[in-house]
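Here are my notes on the structure, set out as numbered points for you to read alongside the model. Each point takes up one part of the fold and stays with what can be read from the coordinates.

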Amino acid sequence: MTARSTRRTTAARTRLAAVGSLAVAGALLLTACGDQTDSGSGSSETTGKASTAPLFSKLPKEIRDKGVIQVGTNAEYAPMESVENGKIVGVDPDIAAELGKKLGVEFKFTSGSFDGLITAVNTGRYDIAMSSITDNKQRQEGLDDSGKKLGEGVDFVDYFTAGTAVYVKKGNPKGVKSIEDLCGQTAAVQRGTTYEKALQDQSKKCTDAGKKAVKIESFENDTEAQTRVKSGGAVAGVNDYPVAVDLARKADGGNAFEVVGEQIDAGPFGIAVDKKNTQLRDALKEAVDAIIKDGSYQKVLEKWGAQSGAIEAAQINGGK
């Protein structure tokens, strides 16, 4: 959720889950996403008419023949992706549906563990991963935090931008103003995200300055991290900016959380594609540029209140 990894001036970038480091190490060591759940798709509404779509011929033959792009996600990051009434909805599924209209295929989303998404792309379980994943060099090159090579890495087609935000219990009982205020405090975060790395980086800054380390509590999913903050067990949570804003606006009717400070360390979210599948990668880039040009991209962002993340053109591996 980063992705998911951005969710993370200090913070590394999202999830987004920012998947995506996504602690890259975790993402690349896992061989599959456990307990996968199929929950609908971003439908292109062109199934059966695929050959008439403007970019259909750009796709690899295997995908043209199937008429489907299998998408791995971690549907716990409203408004980017979440489950409502058994269906995965949000910014990413709606953008995928618009891409499907240009490409003439259906994007079928399956939700699983965020820190296994990149590995699942590399092993062929999914064609792509789209889950508020922060595009960064670690994920591109398949490196862990120390720079050790763990896997093949992935290419990214960047389609959105977001930074890290700190959220606290409504009323901000501990007076937290920014991530720098978390020295010696307990903070909750989803495991395997770039904002977990952001907290680790901030903790080191704390100790280097002679202060107490951040007490980082990492959870399997973001819902657990939110619960920890809500209960008062953690003074703050760290997440992608659009996710944190949506959480503050909607949780308990807006009475559970609030965002503190400014968005920090903004960076690109990317669609993760296996490095060997350059044809699919390039087709996706053309499709993202096409929906930006025709205005459908902006309409999706406006629908979900995510206009702050709009980009002007797609980029391949634009993360640093």
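1. Strand 11 is mostly covered, since 5 of its 5 residues count as buried. The model is a predicted one, and this should be kept in mind for every point that follows. Strand 11 is joined to strand 8 by 4 bridges, with the two strands running antiparallel, and within this pairing V166 has V238 of strand 11 as its bridge partner. Strand 11 also pairs with strand 9 (residues 186–190), here in the parallel sense and over 2 bridges, and A187 is the residue that stands opposite A236 in strand 11. As general background, the strands of a sheet pair through backbone hydrogen bonds, either parallel or antiparallel.

2. Strand 2 (residues 68–73) can be read in a similar way. Of its 6 residues, 5 are buried, so strand 2 is largely enclosed by the rest of the structure. Strand 2 pairs with strand 6 (residues 106–111) in the parallel sense over 6 bridges, and it pairs with strand 7 (residues 128–129), again in the parallel sense, over 2 bridges. V71 is a useful residue to look at here, because it stands opposite F109 in strand 6 and opposite I128 in strand 7, if one takes the cut-off that two strands pair when at least two bridges are found between them.

3. Which strands form the open sheet with antiparallel pairing? There are 3 of them, in the order 3-4-5, and the edge strands are strand 3 and strand 5 (87–89), each of which pairs on one side only. Strand 4 and strand 5 run antiparallel and are joined by 3 bridges, with K87 in strand 5 serving as the bridge partner of E84.

4. The loop between strand 3 (76–77) and strand 4 (81–84) contains A78. This residue has a relative accessibility of 27% and therefore counts as partly exposed. Once the neighbours within four places in sequence are left aside, A78 is in contact with V243 and D246. The C-alpha atoms of A78 and W304 are separated by 9.2 Å, although these two residues are 226 residues apart along the chain.

5. Helix 8 (residues 241–250) has as its buried residues P242, V243, A244, D246, L247 and A248, and two of the residues named here, V243 and D246, are also contacts of A78. What covers the buried residues of helix 8 includes strand 3, strand 8 (154–169), helix 7 (222–231), strand 11 (236–240) and strand 12 (257–274). Just after helix 8, D252 takes a positive phi of about 50°, and a colleague inspecting the backbone may wish to look at D252 directly.

6. How many aromatic pairs does a search of the whole structure find? The search finds 3 aromatic pairs. In one of them, the ring centres of Y77 and F114 lie 6.4 Å apart and the planes stand at 55°, so the pair is tilted. This pair links distant parts of the chain, with Y77 in strand 3 and F114 in the loop between strand 6 and helix 4 (117–122), 37 residues apart. Y77 and F114 are both buried.

7. For Y167 and F257, the ring centres are 5.3 Å apart and the planes are at 85°, so the pair is edge-to-face. Y167 belongs to strand 8 and F257 to strand 12, so the pair ties together parts that are 90 residues apart in sequence. Y167 has a relative accessibility of 0% and so counts as buried, while F257 is likewise buried, with a relative accessible area of 3%.

8. Is R139, which lies in helix 5 (residues 137–141), buried or exposed? R139 is buried, yet it has no salt bridge. The nearest side chain of opposite charge is that of D135, at 7.4 Å, whereas a salt bridge is counted within 4 Å. The side chain of R139 does reach the backbone oxygen of T134, at 2.5 Å.

Notes: Residues numbered from 1 in each chain as written. Predicted model: local features only at pLDDT ≥ 70, side-chain atom pairs only at ≥ 80, totals over all residues. Heavy atoms only, no water. Buried < 20%, exposed > 50% of the residue type's maximum accessible area, 1.4 Å probe, protein only. Contact = heavy atoms within 4.5 Å. Phe/Tyr/Trp six-rings, centres within 6.5 Å; stacked < 30°, edge-to-face > 60°. Lys, Arg positive; Asp, Glu negative; His and termini not counted. Polar contact = N/O pair within 3.5 Å; in protein donor to acceptor, adjacent residues only side chain to side chain.
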